Amino acid sequence: MVGAKTAMRDQLLTTRNRRPLLERSEAAREIALRLTAAPEVRRAATVAAYIAVGSEPGTAPLLHALLAAGKRVVLPVLLPDGDLDWAAYAGDQDLAPARFGLLEPTGSRLGEEAVATADVVLLPGLAVSSRGERLGRGGGSYDRALGRVPVGTFTCVLLYDDEVGVDVPVEPHDRPVTAAVSPAGIVRFAPTF
């Protein structure tokens, strides 16, 4: 199973890295428009999000739109053991470089359980199946975080169009998401609980 996941990750990352910069920036704008129009996000008070890195679908337009809409945004802070703490995002001026090329908020830490207070949880991934099974980077950080999120919370992975509806290898510790967003729109998955 681990070998199948590694091979799939390598293939997906290669495809992502070949995407033209213009396509990446257009995808970021479309994803921001799709999510800010979604009823789950419109009615949310707190949104847990993240700062995209490398060839991931960009999150800058989305984060700026969420702040402009008056949402409380919390971002992850990677802990030494790979788990995620959280801190409020007040704007790009409050971000600092961190391990693995990440940008993290510099404000007070809210604790690992803070993700459970979010009305919406937006997370990275490499692909998602038609049942909401998400393939991440392999660190397990978001699977742990998703384990703290109450059932029924809108959990959405941000992807490119061709990464949605892909058969992904699944292990018992993998946590499904309730939706995926790509430039083409939002796909909601049937609950598995």
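This report describes the sheet, two hairpins, the packed helices and one buried lysine in a predicted model.

## The sheet

Seven strands make up an open sheet, and the pairing is mixed. The strand order is β3-β2-β1-β6-β9-β10-β11. β3 and β11 occupy the edges. Each has a single partner strand, so one side of each lacks a neighbour in the sheet. On average, neighbouring strands are turned by 25 degrees against each other, direction ignored.

Edge position does not settle burial here. Strand β3 spans residues 84-89 and is mostly covered. Of its 6 residues, 5 are buried.

## The β2-β3 hairpin

Strand β2 covers residues 72-78. Its pairing with β3 is antiparallel and runs over 6 bridges. Two positions mark the register. Val73 stands opposite Tyr89 in β3. Val77 has Asp85 in β3 as its bridge partner.

β2 and β3 form a hairpin, with 5 residues between the strands. Gly82 lies in the turn and has a positive phi of about 90 degrees.

## The β10-β11 hairpin

A second hairpin joins β10 and β11, with 2 residues between them. β10 comprises residues 179-182, and β11 comprises residues 185-188. The two strands pair in the antiparallel sense over 4 bridges. Ser182 has Gly185 in β11 as its bridge partner.

## Helices on the sheet

Helix α2 (residues 21-37) packs on the sheet. It touches β6 (120-123), β9 (154-158), β10 and β11. The direction of α2 makes about 135 degrees with that of β10.

α4 also packs on the sheet, where it touches β1 (46-48), β2, β3, β6 and β9. Its direction makes about 140 degrees with that of β2.

## One face of α4

Helix α4 runs over residues 60-68. Which of its residues are buried? They include Leu62, Leu63 and Leu66. Viewed down the axis of α4, the buried residues fall within an arc of 95 degrees, so they line one face of the helix. The spacing fits a general rule: an α-helix has 3.6 residues a turn, so residues three or four places apart point the same way.

Gly70 comes just after α4 and takes a positive phi of about 85 degrees.

## A buried lysine

Lys5 belongs to helix α1 (residues 2-17). Is Lys5 buried or exposed? Lys5 has a relative accessible area of 4%, so it counts as buried; the cut-off is under 20%.

What does Lys5 contact, neighbours within four places in sequence left aside? Its contacts are Leu135, Pro169, Glu171, His173 and Asp174.

Note on methods
Residues numbered from 1 in each chain as written. Predicted model: local features only at pLDDT ≥ 70, side-chain atom pairs only at ≥ 80, totals over all residues. Heavy atoms only, no water. Buried < 20%, exposed > 50% of the residue type's maximum accessible area, 1.4 Å probe, protein only. Contact = heavy atoms within 4.5 Å. Pairing = 2+ DSSP bridges. Arc of directions from axis to C-beta. Axes fitted to C-alpha atoms, helices over the stretch in contact; angles between N-to-C directions.
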